[in-house]
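Okay, thanks everyone. I've got one structure to walk you through, so let's put it up on the screen.

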Amino acid sequence: MPALAAKTGVSRANLARRFTALVGQPPMTHLRERRLALAADLLREPDATLATVADRVGFSNAFALSAAFKREHGISPSEYRMREGPAAT
């Protein structure tokens with residue numbers, strides 16, 4: 001976010017305030033929720049490994065994604081995958 005704030009010519013705090021006012025949540029919360037929503041979609045793909053999904057959505061590793069996913073959804077990625085089944089084609 002510092003680079004984005006610098007490019008727009010505002011402080012990080014001001015950018016965060018404006019973003020929150022416009023989007024309804026702080027930038028990092030929004031980013032985390034978007035990443036986890038994308039991860040949920042990708043987990044429906046039968047051949048996608050947790051490590052691959054983690055890499056694609058910007059988590060450092062499968063463990064970090066798994067922990068964040070469980071905090072957000074209340075179930076592990078593997079439980080989610082079993083419940084949701086493969087993506088419709």
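Quick bit of vocabulary before the pocket: when I say helix, I mean a DSSP run of H or I with at least four residues, numbered from the N terminus. And keep in mind that what you're looking at is a predicted model.

So, the largest pocket. Its volume is about 150 Å³. Which helices each supply at least two residues of its lining? That's helix H2, 12-23, and helix H3, 27-43. The lining itself is made up of Met 1, Leu 4, Leu 15, Arg 18, Phe 19, Pro 27, Met 28 and Leu 31. Sort those by class and you get seven nonpolar, one charged and no polar residues.

Okay, on to the core. The largest nonpolar core has 15 residues, and the ones with the most contacts inside it are Leu 36, Val 53, Val 57, Phe 59, Leu 65, Phe 69 and Tyr 80. H3, helix H4 (50-57) and H5 each put in at least two residues, with H3 giving the largest share, five.

Take Leu 65 from that list. Skip its neighbours within four places in sequence, and Leu 65 still touches Leu 36, Ala 39, Leu 50, Val 53, Ala 54, Val 57 and Phe 59.

Last thing, aromatics. The count is one aromatic pair: Phe 69 with Tyr 80, edge-to-face, 5.3 Å centre to centre and 75° between the planes. Phe 69 sits in helix H5, residues 62-73, and Tyr 80 in helix H6, residues 77-84, so the pair ties together parts eleven residues apart in sequence. Both Phe 69 and Tyr 80 are buried, too.

Definitions and conventions. Residues numbered from 1 in each chain as written. Predicted model: local features only at pLDDT ≥ 70, side-chain atom pairs only at ≥ 80, totals over all residues. Heavy atoms only, no water. 1 Å grid on protein atoms, 1.4 Å probe; cavity = no way out; pocket = protein on both sides within 12 Å on 5 of 7 lines; lining within 4 Å. Points joined across faces, edges and corners; volume = space filled by probe spheres on them. Nonpolar A, V, L, I, M, F, W, Y, C, P; charged D, E, K, R; others polar. Phe/Tyr/Trp six-rings, centres within 6.5 Å; stacked < 30°, edge-to-face > 60°. Buried < 20%, exposed > 50% of the residue type's maximum accessible area, 1.4 Å probe, protein only. Core = buried A, V, L, I, M, F, W, Y, C linked by side-chain atoms within 4.5 Å. Contact = heavy atoms within 4.5 Å.
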